[in-house]
Each structure stands twice: as structure tokens, then as C-alpha cells.
Amino acid sequence: MPAPATDAGDRLARRLERFRDARTDPGVATDPLPYRRGDPRALAERLATAVDGEIVATRLGLLVRVERPSVVLPLDRRRLGSLPGQPPPEPPLVCLDTETTGLATAAGTVAFLIGLGWWEGDRFRQAQLLLPDHPDEPALLEEVARHIPPDAWLVTYNGRGFDWPLLVTRYRLARRPAPPHAGHLDLLPTVRRVFRHRMDDARLRTVERMLLGSIRHDDVDGWEIPGRYLGFLRGGPAQPLAAVVRHNDEDVRSLARLLAHLEVQLGDPQVRTQAPLGDLAGLARAFRREHRLVEAIECLEAALDAAPGAAAVPERGGAAAGPSVGVAAPSSRSTGPDDDDAWWSPRRPADFGGPPRARSRWLDGPTRRQAFDRPWDETRIAVDRAHLLRRLGRMPEALEAWDALACGPGRVAIVAAVEASKLREHRLGDLETALRSGLHGIELAERRRRLGRPEPDLEADLRRRVRRLRLRLDRRAARRSAAQRADGTSGTRGSGDSEAHRSRTSPSSVGSNEQAMVRRSPASALR
């Protein structure tokens, strides 16, 4: 029996030898960076020398700390706190950015560089913590927790989806809780909501170039960063990590500069009116998400006032029946794939015949990316303003806004006719003018159908609405006629009763009554 075991061991040894000869990963002489296990102190010293940092020895291990001179960067926290989604003025802010060995948040990804930034008065101070080797990770995590006060707000860029979940995973693997904090401000949703309309993409480097007016030189791309650190761990040089440290330093400082940009450009209501049209519209949507509808209306009205060729606002007063006369329709600039593009436009889907494709939503584009790419123009802003006016209960103004939109071209005019009809029917109780608005919408839908751009959902909704309004008007007319007939019948019956009463109380009737009494009782009559 021992012989087969020996044969099996020999076969396994031969297979392992062939595997070693064929592989090209670290561990063989052909690898340009063969793995050489070095002394942890030597790794830390090489890393600190390359990045101009200092070695910090703790009870849990070694780490390298890099701290640059602080910069003057004033930030009015009260004005910043008045914006939607921003932290209150009292708690401290801690800007955080990580450089990792991968793009996953699972157990195999390590954050080897953590950049931190905070304010001390008007000066912005930064510190960067580097991991010399994997066994020293507990020391890095403890130092990060020391820099995050329990009442602080974290400021990150895509940190809710990547940086902080990764750090939470690393803390759990180290069997310790993640540092508590009061809140987390992720600036990526704010940038997408307010500034995405005028940027190529929402990357932080694009934000620096198109919003903050700064361009990086000799910067390292993100995909190169994990390879540079892993090469250092294999025994390679530490100098390539100096560019990674500069990259992280710029990322953290850009978070602070972006906060200052928000505070200066949008925090002051007077300065805010000079912002680009799309910025005001995006800020209005941010206000609306927090149910601050008055501020949202103010942003939209400032955008419409500043827009070239903005829709004229009619005089306040009673709503007209149907589209308002003298209300200028908003501009018909491109609003994405739902607009009246020519048949040859590449943005218009090809028509291969068959029934028209139904749409799930009236005003939404087919995809989320197309919704982001749609430019903010007067029509889109006017639609948001009309919706907000209705939510605020300012029905006459909302009706005027929808009537102005119904005078314009395109699909939005049909939707505006539907909304105007709903307001007149359900809010004002004016069925006649609601019917006229519905008929106006049907005319617009038929016109688009004749042009080869049918709107089956909108047209079907309008026809159902017009049919229901006509039935309601017919029932109201029937009730009124029945009430009038009932009033006429009761009036005729009342006049006959009065004639009978007068005949009973006349002198002749009295005499006849006395004669009847005599005939019935002669003795009582003689007395």
C-alpha cells in the first residue's frame, strides 16, 4: 500500500514543477518585480523617503504620515448650510478620499492610502496616511478613527457607494467598529443634480476643469494606482507612489474647493440669480427633494427671468377658458429624444411600421442617461414651475403656466393641455373650460398624428377625459332642468291652493256655509 501513495506524491510533485515552469506571476526569475519579503521597518522607511513623509510607530504597527502646509480656504458654514443637502453649520467637516488596490468593496480590496482634510478657522489642513504593508493595517485604521470626531460630517465624492463601505469592511475584518460620525455628505449626487448639464461627465477631474478652473499636470490615472502599490509590495521602487500621493492630495483639496464653490456661487440668494440657467434649475430640484418649495419656485423664476426668450408671464387674475390669450409660448429648443426632431435626425428612432410604441411616462426620456443629457431650456423649467405651483396651491398661477405651455409646439403642449384640464375640473370645478382644454389637447394630438408623430397614450387619455366631462355636463344639465320643472310644478300647485282659499273666504262662500249649517241644525240656527 505505501507504493501507490509514493507514486501519487511523485505525480503531484511533477505537476507542481511543471506549473512553476509555466507560470509568469511573481515568484520566478522572469518576473521584473520578484517578490522579496522585506523587513517592515525597511518598507516603511523606503516609502517615507519616497513620499516625503514620516514614520509613525503605534502599538498596532507602523504607518507613514504625510502632511502638507495648510492653505487659506474660507468657508461660510451658515450660507453653505442654507443649501439643500448640506451639513448644518455647527459640526466639523472631515474630507475623506481613499486609494485602493481595486474597485471592489469586498474583503480582497485594501485601502492603502487615506487622505483626510479639515478646517481650522479659515485654513484647510490635510494629512495622508499610507500603509507600508498589510500587517500594519490595524495601525492605519486606528489613526483614521482618531481623526474622525463622533460629531463630524464626512465629505466624500462617491464615498457613500465606495470609500466608506470599503473602510467599514476593513474595520469589520479587523474586528472593531467603524468610527461613528454625525452625517455623510456625498458631493457626487449634488454635482450630478446641479452641474451635470454643462459637464462632459461627473468625474472629479472634470469638476476641477469645468467648475473650479484648475487642470492637473503629470497626474496619474486611476487604473495605474493599484499596480504601483502592488509593485512596491513585491519589492519594486517606492518612487512611483509619490505621484499617487499627489493625486490623493489634489482629490481631498478639490472636495474642499467644491464646497467653497457651492457656498460662494449658490449660497447667497442675490448672487445665485447670476448662476447659469441649468444650475438654478438643478438647485430647484434639490430644494424640492427637501420639500422647500418656496425656494425652488424662486430658483425657477430667476432662471426664467434670466433665460433668453423666456416665456412671458400673464397678468395675475382669473384663469381663461383654454389657453391664455397673449401668453408667449416657451422656446422650442431641443429637449432630447422626445422633441420634434426631423425624420432624418439620428436622435429619432427609426419607424419600421406597426402600432406606435407606448411610453411608460409622459415627460420622461427612454433612459436615465438621456434624461441627464437633456439640456435645461425654458420649456423644461416652465414645466417644473407649473408642477411646483400646483403643489403650493397657487392654482391660478399654475393654470396660467400650463396654458402658456399649451400654446407651444411639441409633445409638452399636449401634456400641458391635460394638466390644465385636470386643474379646471378637479380644483376649480369649471367643467366647461376643462372640456375646452381637453378638446384643445385633442387638436394638438391629432396634428402630431398627421405629422407622423402619434401620441397614443396622451390621445387616449384626452378622449376618455373629454367623454367623462361631457357626461358630467349632461348630468348637470339634466339635474338643472329637472329642478326647474319641479319648481314650475310646485308654483302652479301653490296658485291653485291660494285660489281655493280665497274662494272659501269670500262673502258668498260664507253665506253658503251658513245655509248649510241651517239645513244641518235648524234649532241652533234660530238661536
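Begin by selecting strand β2, residues 61–66, together with β6: the two run antiparallel and are joined by 3 bridges. Here strands and helices are DSSP runs numbered from the N terminus, with E over at least two residues for a strand and H or I over at least four for a helix, and two strands pair if DSSP finds at least two bridges between them. Within this pairing, Val 64 stands opposite Leu 130 of β6.

Before going further, note that this is a predicted model, in which local features need pLDDT of at least 70 and side-chain atom pairs count only at pLDDT 80 or more, while totals for chains, interfaces and linings use all residues. Residues are numbered from 1 along each chain as its sequence is written, and side-chain values use heavy atoms, with hydrogens and water left out.

**Strand β6 and its partners**

Keep β6 selected and display residues 123–130 in full; 6 of these 8 residues are buried, so that the strand is mostly covered, where buried means under 20% relative accessible area, exposed over 50% and partly exposed in between, computed with a 1.4 Å probe on protein chains only. Add strand β3, residues 71–72, which pairs with β6 in the antiparallel sense over 2 bridges, and look for Val 71, whose bridge partner in β6 is Phe 124.

Next add β5, residues 111–120, which pairs with β6 over 8 bridges, again in the antiparallel sense. Two positions help to fix the register: Trp 118 has Arg 125 of β6 as its bridge partner, and Gly 115 stands opposite Gln 128 of β6. The hairpin of β5 and β6 has 2 residues between the strands, and in this hairpin Gly 121 takes a positive phi near 70 degrees.

Now move across β5 to β4, which is antiparallel to β5 and joined to it by 7 bridges; one place to inspect is Thr 98, whose bridge partner in β5 is Ile 114. Strand β5 is largely enclosed by the rest of the structure, because 9 of its 10 residues are buried. When following side chains along these strands, recall that in a regular strand the side chains alternate between the two faces of the sheet.

**Helix α9 against the strands**

Select Ala 256, which is found in helix α9 and is buried, with a relative accessible area of 0%. Ala 256 touches Leu 73, Cys 95, Trp 119 and Phe 124, not counting residues up to four places away in sequence, a contact meaning heavy atoms within 4.5 Å. Measure from Ala 256 to Gly 117 in the viewer: the two are 139 residues apart in sequence, yet 8.0 Å apart in space, C-alpha to C-alpha.

In the same helix, α9, centre on Arg 253, which is buried at a relative accessible area of 18%. Leaving aside neighbours within four places in sequence, Arg 253 is in contact with Val 71, Phe 124 and Gln 126.

**The second largest pocket**

Turn next to the second largest pocket, with a volume of about 900 Å³. On a 1 Å grid over the protein atoms alone, a pocket is an open set of points with protein on both sides within 12 Å along at least five of seven lines, and lining residues have an atom within 4 Å of a point; grid points are joined across faces, edges and corners, and the volume is the space filled by probe spheres set on the points, the probe being 1.4 Å. Of the 28 residues that line this pocket, Asn 158, Arg 203, Leu 204, Gly 222 and His 247 are the closest to its centre. Elements that give two or more residues to the lining include α5 (159–173), α8 (225–233) and α9 (240–266), while β4 gives the most, with 4 residues.

**Two loop residues and the confidence**

Finally, select Arg 175, in the loop between α5 and β8 (183–186), which has a positive phi of about 60 degrees although it is not a glycine; at 80% relative accessibility, Arg 175 is exposed. Asp 218 lies in the loop between α7 and α8, with phi near 55 degrees, a positive value in a residue other than glycine, and is exposed, with a relative accessible area of 73%.

Colour the chain by pLDDT, the predictor's confidence in each residue from 0 to 100: the protein chain averages 81, and 75% of the residues score at least 70. Over residues 503–527 pLDDT stays under 50, and the model has 3 contacts beyond four places in sequence for them.
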